[in-house]
Structures are given as C-alpha cells and as structure tokens.
Amino acid sequence: MSTSGSREHRVVVVGGGFGGLQAVSKLRRAPVEVTLVDRRNFHLFQPLTYQVATGALSPGEIAYPLRAIFKRDRNVGVLLAEVADFDLDARELHLRPVSPVPAPERLGYDTLIVAGGSHYTYFGHEEWRMHAAEVKSLESALAVRSRLLAAFEAAEAESNAEAREAWLTFVVVGGGATGVEMAGQIAELARDTLRRDFRTIDPRRARILLVEGADRVLTSFPPSLSAKAERSLQRLGVTVLTGRTVIGIDAAGVTIDGRDGGAERIASRAVVWAAGVTASGLAGRLADLTGAERDRAGRVTVEADLTLPGHPEVFAIGDMVRVRDVDGEPVVLPGVAPVAMQQGRYAAGVVRARLRGREHGAFRYRDKGSLATIGRAAAVADIKGVRLSGFLAWAAWLVVHLWYLIGFQNRLLVLIRWSFSFATHGRGARLITGASTNSEQR
Ligand SMILES: Cc1cc2nc3c(=O)[nH]c(=O)nc-3n(C[C@H](O)[C@H](O)[C@H](O)COP(=O)(O)OP(=O)(O)OC[C@H]3O[C@@H](n4cnc5c(N)ncnc54)[C@H](O)[C@@H]3O)c2cc1C
C-alpha cells in the first residue's frame with residue numbers, strides 16, 4: 001500500500017450497512033480521506049424491519065441518514081450513488097446515479113472496502129417475488145405492512161366465506177430467525193392488536209402458517225431452543241409446518257409438497273418470504289475480476305485478511321463473502337450483523353496498521369451468541385453455550401437491539417414505542433400506504 005505523496009490516502013467504502021458503517025467509523029480519526037458510497041442515503045437496521053412490516057415501529061425509527069452519522073467527521077464524505085462495476089487495475093469504481101441525483105462516472109481509491117450485503121432469492125422462481133414480499137429493505141417492509149393490513153380490510157369487506165378465509169390466511173415461508181419473528185408478530189397483530197378493530201370478522205380466527213423445509217425452525221440454534229421456539233409459536237396460534245417445501249406461489253395462494261408425496265394447496269392472499277439469501281451482485285463481479293472462488297450463494301471467497309486474491313488493496317466483507325481460514329479452507333460465517341461489523345472494524349484496522357507500516361494478523365470471528373424473539377416476553381438466546389428462553393431471553397434481545405440501533409433519538413423512540421406497546425398491546429404504525437383509488441390516479 002502506497003502511503004507516500006502529498007495527498008491523503010483515499011479509502012472508498014461501498015455500502016453503509018453493518019459492515020461498511022463500522023469500517024468508516026474506525027477510520028474517523030485516521031489520516032485518510034474516506035468516501036462512503038451507498039445507493040441509499042440511510043443506514044437500515046435490518047433486524048427490526050419485520051417490526052415495521054407489522055406496524056410496531058415506523059420507518060424513521062430504524063433508519064438513520066448516513067450524512068448525519070458522520071456529520072462531525074471532516075475526513076468522511078458520503079456519496080449517494082450505485083456502484084455499477086470495478087476497474088481494479090485503474091483502482092476506480094464505476095458509478096451509476098441514483099435518480100435524480102447526479103453522480104461522478106468514476107471514483108478513484110487507494111484502498112477499497114466493499115460491503116454490499118445480500119438479498120433474498122426465490123430458489124430460481126423470481127415470479128414468486130411479486131406474490132411473496134420480503135422484509136429486507138424498508139420499501140419491501142412497507143409493502144408487506146400494506147399487504148398484511150389490507151388483507152384484514154379485504155376480509156372485513158368480503159361476503160364469500162371461502163374468499164374471506166383466504167384473506168385471513170397468512171403464510172410465512174422460511175423458519176429462520178426472520179420467519180419466526182415475522183410469524184410471531186403477525187399472530188400478535190391478529191390475536192391481540194386488531195382483536196376489537198373489526199365488526200364483521202374476528203381477526204383472532206386468522207390462520208398463520210410458518211413453512212420450513214428443514215425438520216425444525218431456527219436451525220442455527222440448538223435443537224432444544226428450536227423446540228421451545230416452536231412451542232411459543234404454537235401458543236401464539238401459529239401452525240408450524242416443518243419438513244415441508246414450497247413448490248408454488250401465485251396470487252391466490254401457496255402450494256407445498258404434501259406428506260403423501262402429492263401437493264397441498266393453501267389459499268392465501270398474504271404470503272411473506274423469509275427464506276434463502278444470495279450475495280450482492282458486487283461479490284460475483286469481484287470474483288470474475290480476481291478469479292476468486294464463489295459459492296452457491298454467490299459469496300466471493302476472500303483471503304484470511306479479507307482481501308481479494310492478488311489485490312491486497314481491496315477488501316470485501318459481510319454477507320457477501322466467505323473467508324479462508326489460516327489453513328486456506330473457505331469458511332462460511334453466519335449471515336448476521338456481528339460478523340459484518342467485526343469484519344468492518346478489522347478491515348479498517350488493517351488499513352490503519354498498514355499506514356503505520358505494521359503487520360496485522362488474520363481475521364477471527366468472535367461469536368457472542370444468537371438471539372431470536374417470538375413475541376411478547378418470548379424469545380430464545382444461545383449466548384456462549386448459555387441457553388435462555390422466555391422473559392430473560394426477551395430482555396436480552398431488547399437490550400442488544402436497543403444498544404446497536406444507530407442514533408440516541410432512535411433508541412429513545414423505540415424504547416418508548418416498545419414500552420407503550422407492551423402496556424397497551426397497541427401498534428401505532430398500522431398504515432396502509434402505496435394504495436390509491438382510481439380518482440386519486442386521475
Ligand atoms: C429481515 C432481516 C432480519 C435480520 N435480523 C438479524 C438479526 O436479528 N440479527 C443479526 O445479527 N442479523 C440479522 N440480519 C442479518 C444482517 O442484517 C446482515 O447480516 C447484515 O446487514 C450484513 O451486513 P452487510 O454490511 O454485509 O450488508 P448490509 O447491512 O445489507 O448493507 C449493504 C449496504 O450496501 C448497499 N449497497 C448494496 N449494493 C450496492 C451498490 N451496488 N452500490 C451502492 N450501495 C450498495 C446497500 O444499500 C446497503 O446499505 C437480518 C437480515 C434481514 C434481512
């Protein structure tokens with residue numbers, strides 16, 4: 001890494017998610033000029049998007065403007081643009097504008113840290129996407145919120161019993177943490193929050209199905225905690241269908257493989273997708289350009305110091321990578337925020353060490369544990385082998401999420417919201433947005 005010359009060393013960080021944000025934060029007071037490039041002007045706290053999707057929180061409470069985060073750091077600039085490609089030889093990024101904001105076509109760097117994250121994949125059935133929304137982005141979480149709330153409204157207006165039942169059947173696909181949390185929240189919405197809001201329907205009669213291909217939910221947790229989570233879901237009224245695979249989704253419902261080898265049809269108008277993710281397309285591009293391996297989930301394989309082969313000046317981190325261990329074996333780390341955050345801090349640490357002419361050891365992930373919440377005072381936690389469930393796990397979940405939420409104001413607002421909801425069983429953000437009438441369109 002060249003540190004000579006009069007101009008400051010230029011570090012470009014792509015992605016203001018969990019990994020990118022930590023990298024930039026650690027470079028705040030370093031003798032470098034940092035440019036953070038993101039196609040969104042905000043950092044999104046993805047672990048709580050499902051709460052936006054179910055009306056428990058508002059978008060502004062889980063997102064924070066990137067410029068505001070770094071407003072006091074004179075060496076950090078924020079650029080709203082999409083990274084379209086890399087010219088690794090020229091050490092430049094190719095940018096695409098985010099309409100209507102113009103962006104430079106190219107951006108040079110001395111060190112590049114790429115943290116483009118991942119997105120949901122529909123197992124090769126992209127046509128399912130329009131019928132089964134996911135909660136990865138703020139926009140999609142709001143679309144899910146509208147779809148869930150509109151389903152109750154449609155059921156209230158529907159006179160045909162069969163059609164009403166389809167509106168009141170909610171299917172969540174994928175029994176990982178997001179699917180479990182989503183199913184639990186829909187159940188609370190139906191059984192608790194909305195129970196007195198309608199005149200024709202009884203929202204408590206809604207069916208909530210959670211479909212998971214594996215033989216248990218929360219497969220990243222020990223089996224005993226999966227069993228507890230499943231029992232908590234059942235207590236909330238969620239029907240858990242494990243060992244079942246979704247084979248079709250359309251506007252009228254979901255088809256899953258039946259126990260007898262045939263297919264079972266579930267009529268539903270509100271399907272939420274929380275299964276399989278694939279790495280950002282930036283990972284594939286970096287793999288093509290450097291010859292680095294790529295796995296089936298599209299993750300590019302980085303060296304033990306998180307750099308691309310033959311390019312010590314290019315780091316890739318977070319959901320979009322797998323990492324070679326010190327023996328050269330590729331290791332897939334969990335696709336969770338702590339991995340991305342630790343990698344972001346590590347990459348920044350390497351940059352700082354190199355500027356001082358020092359060596360830096362290989363990246364090592366420190367697993368602090370896993371948490372998943374199911375509903376009011378119900379969660380599971382596996383913290384360094386200590387297994388918790390129920391209220392204690394839920395309290396730990398609350399503290400961790402408040403701690404990592406960006407911005408003091410957001411922490412305070414979310415704490416107030418949660419306290420209020422806990423006391424009143426209410427959800428203040430039950431708004432159907434994005435819908436318009438014919439007369440509005442004219
Ligand atoms: C619904 C949901 C719930 C989750 N819950 C938890 C949880 O409870 N606990 C947990 O630890 N983890 C959770 N995760 C996983 C966690 O959010 C991810 O592991 C983490 O966000 C990965 O960080 P990252 O920096 O790699 O990517 P991200 O945080 O996704 O950030 C990627 C950033 O890159 C930007 N970007 C992407 N492509 C481009 C481009 N071409 N040009 C410019 N900018 C670009 C994006 O706008 C984004 O800001 C959850 C994820 C989801 C989707």
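Trainee: Which strands does helix 5 lie across?
Mentor: In this predicted model, helix 5, residues 138-157, lies across strand 11, strand 12 and strand 18. Helix 5 runs at about 155 degrees to strand 18.

Trainee: And what does helix 7 lie across?
Mentor: Helix 7, residues 177-193, lies across strand 12, strand 13, strand 14 and strand 18. Its angle to strand 13 (207-212) is about 175 degrees.

Trainee: In what order do the strands of that sheet come?
Mentor: The order is 11-18-12-13-14, an open sheet of 5 strands with parallel pairing. Strand 11 (132-133) and strand 14 (238-242) are the edge strands, and each of them pairs on one side only.

Trainee: How many bridges join strand 12 to strand 18?
Mentor: There are 4 bridges between strand 12 (residues 169-173) and strand 18 (residues 270-273), and these two strands run parallel. Within this pair, Val 171 has Val 271 of strand 18 as its bridge partner.

Trainee: Turning to the sheet that contains strand 5, is the pairing there parallel or mixed?
Mentor: The pairing is mixed in that open sheet, whose 6 strands follow the order 5-2-1-9-22-21. Strand 5 (76-80) and strand 21 (307-308) stand at the edges with a single partner strand each, so one side of each has no neighbour in the sheet.

Trainee: What joins strand 9 to strand 22?
Mentor: Strand 9 (residues 111-114) and strand 22 (residues 311-316) run parallel and are joined by 3 bridges. The bridge partner of Ile 113 in strand 22 is Phe 315.

Trainee: Which strands does helix 9 lie across?
Mentor: Helix 9, residues 281-290, lies across strand 1 (9-14), strand 9, strand 21 and strand 22. Relative to strand 22, helix 9 runs at about 160 degrees.

Trainee: A change of topic: how many residues surround the ligand?
Mentor: The ligand is surrounded by 30 residues, and the closest are Gly 19, Asp 38, Gln 46, Val 83 and Asp 319. By class, the shell holds 12 nonpolar, 12 polar and 6 charged residues.

Trainee: Where does a nitrogen atom of the ligand meet Val 83?
Mentor: A polar backbone atom of Val 83 is 2.9 Å from a nitrogen atom of the ligand. Asp 38 has a polar side-chain atom 2.6 Å from an oxygen atom of the ligand. For Gln 46, an N or O atom of the side chain is 2.9 Å from a ligand oxygen atom.

Trainee: How much of the ligand's accessible area does the protein cover?
Mentor: The protein covers 90% of the 1000 Å² that the ligand has on its own.

Trainee: Which elements give two or more residues to the shell?
Mentor: These are helix 1 (18-26), strand 6 (82-87) and helix 10 (337-355). Helix 10 provides the largest share, 3 residues.

Definitions and conventions:
Residues numbered from 1 in each chain as written. Predicted model: local features only at pLDDT ≥ 70, side-chain atom pairs only at ≥ 80, totals over all residues. Heavy atoms only, no water. Near = heavy atom within 4 Å. Polar contact = N/O pair within 3.5 Å; in protein donor to acceptor, adjacent residues only side chain to side chain. Areas by Shrake-Rupley, 256 points an atom, 1.4 Å probe, with all protein chains shown as cover. Nonpolar A, V, L, I, M, F, W, Y, C, P; charged D, E, K, R; others polar. Pairing = 2+ DSSP bridges. Contact = heavy atoms within 4.5 Å. Axes fitted to C-alpha atoms, helices over the stretch in contact; angles between N-to-C directions.
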